[in-house]
Amino acid sequence: MTLPHFTPADGLLAQLSELQVAFSGAVAHIRLNRPAKRNAINEALMQQLHTALIHLPSSAQALVISGEGQHFCAGLDLSDLSERTVAEGIHHSRGWHAVMDALQYYRMPVVTALHGAVVGGGLELAAASHIRVADSSTYFGLPEGQRGIFVGGGGSARIPRLVGVACMSDMMLTGRVLDAEEGRERGLAQYVVPEGESLAKAVALAQRIATNAPLSNYAIVQALPRIADMAQSDGLFVESLMAAIAQGDDAAKQRLADFLQGRAAKVVKAA
């Protein structure tokens, strides 16, 4: 599996020192760019990621996030951890929440290409994406218990929905690490590929996603997680609204017509 050619971003997106941003057709690619720190998250990286999400062009219909070097992301950069008052700590965590929420409820689907360490804040980042592709070198960890801290980037809300409270508690209390296959079995990844192939697989999935009707993609990433949080009767009502809206979109109508025409042609050919 080979990668298509990506063109580096220009303008503001080219000035983000902690990231590399590039485009291939309707697919945008954001690469975390702190390999010497195992792409550990500092304040600058988090702010620049938020800036990138805001300024990606409307021509992009799917986003891939990966990490430069040997690891996807080793979590919080502990050298960036400073003495904070309780109020400052709350504001810092809420800043992370804003970025992770922007990612989960982004205007387009987000695919993460995982390899090496997906630990702490790195796992929180991955959990906010919609599709996660791990290669065989990937390992998942939540070492907060051993470091005397607690997750602060939305992990307590998102990760238990993937692995369950018991598994997350085990990882945080004991330092248990899950390998790629264990992570897939628990829901931390939907795909596992050979080492070195997660980015190519993630881009291939993003290319396929980018061909969907944009409003359908938007409904899936915006409405589906919200419906899952609703009472069933409320969720079913919202589902009806989203189904009607998606089906009424011109792009969706054209795709359905093309599908039906293609199926009819196959029936005629078979006859």
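**View 1. R184 and E181 sit about one helical turn apart in helix 7.** Welcome to this predicted model; we begin with a pair of charged residues in one helix. Helix 7 covers residues 180-186, and because R184 and E181 are three residues apart in it, about one helical turn separates them. Their side chains form a salt bridge, with the closest N and O atoms 3.1 Å apart. How covered are the two partners? R184 is partly exposed, at a relative accessible area of 35%, and E181 is also counted as partly exposed, at 37%. Elsewhere in the model, salt bridges that share partners bring E18, R34 and D77 into one network.

**View 2. D77 and R34 meet in a salt bridge.** Here we look at two members of the network that also includes E18. The N to O distance between the side chains of D77 and R34 is 3.1 Å. Where along the chain do the two residues lie? D77 belongs to the loop between strand 4 (62-67) and helix 2 (86-104), while R34 belongs to the loop between strand 3 (27-32) and helix 1 (43-55), so the salt bridge ties together parts that are 43 residues apart in sequence. Are these residues buried or exposed? D77 counts as buried, with 6% relative accessibility, and R34 is buried too, with a relative accessible area of 13%.

**View 3. R158 and D101 form a salt bridge between two helices.** The closest N and O atoms of this pair are 2.5 Å apart. R158 comes from helix 5 (residues 155-163) and D101 from helix 2, so that the pair links distant parts of the chain, 57 residues apart. The two partners have their own degrees of cover: R158 is buried, its relative accessible area being 10%, whereas D101 is partly exposed at 36%. For the model as a whole, the count of salt bridges comes to seven. As general background, side chains of opposite charge can pair when their charged atoms come close.

**View 4. Seven strands make an open sheet with mixed pairing.** Follow the strands across the sheet and you meet them in the order 1-2-3-4-5-7-10. Which strands form the edges? They are strand 1 (7-8) and strand 10 (191-193), each of which pairs on one side only. In general, the strands of a sheet pair through backbone hydrogen bonds, either parallel or antiparallel.

**View 5. Strand 7 pairs with strand 5 and with strand 10.** Strand 7 spans residues 131-135. With strand 5 (residues 110-114), strand 7 pairs in the parallel sense over four bridges. One place to look is L114, whose bridge partner in strand 7 is A134. How many bridges join strand 7 to strand 10? There are three, and these two strands run parallel. Among the contacts to find here, V133 has Y191 of strand 10 as its bridge partner, and D135 stands opposite V193 in strand 10. Strand 7 is mostly covered, with four of its five residues buried.

**View 6. A three-stranded open sheet has the order 6-8-9.** The pairing in this sheet is mixed. Its edge strands are strand 6 (117-119) and strand 9 (178-179), and each pairs on one side only. Strand 8 (residues 139-141) pairs with strand 9 in the antiparallel sense, over two bridges. What stands opposite F140 in strand 9? The residue to look for is L178.

**View 7. F237, L241 and I245 make a nonpolar surface patch.** The patch has an area of about 300 Å². To find L241, look in helix 10, which covers residues 232-247. How exposed is L241? With a relative accessible area of 43%, L241 is partly exposed; patch members need over 30%, so L241 meets that cut-off.

**View 8. The charged end of R226 sits over the ring of Y105.** In this last close-up, a charge and a ring come together: the charged end of R226 is 4.0 Å from the centre of the Y105 ring. How many aromatic pairs does the model have? The count comes to zero.

Methods: Residues are numbered from 1 along each chain as its sequence is written. This is a predicted model: local features need pLDDT of at least 70, side-chain atom pairs count only at pLDDT 80 or more; totals for chains, interfaces and linings use all residues. Side-chain values use heavy atoms; hydrogens and water are left out. Two strands pair if DSSP finds at least two bridges between them. Patches are made of residues with over 30% relative accessible area and no salt bridge: like charges are joined within 9 Å, nonpolar side chains (Val, Leu, Ile, Met, Phe, Trp, Tyr) within 5 Å. Accessible areas come from the Shrake-Rupley method with a 1.4 Å probe; for residues, only the protein chains shown count as cover. A salt bridge is a side-chain nitrogen of Lys or Arg within 4 Å of a carboxyl oxygen of Asp or Glu. Buried means under 20% relative accessible area, exposed over 50%, partly exposed in between (1.4 Å probe, protein chains only). Rings of Phe, Tyr and Trp (its six-membered ring) pair if their centres lie within 6.5 Å; planes under 30 degrees apart count as stacked, over 60 as edge-to-face and the rest as tilted. A charge sits over a ring if NZ of Lys or CZ of Arg is within 6 Å of the ring centre and within 35 degrees of the ring normal.
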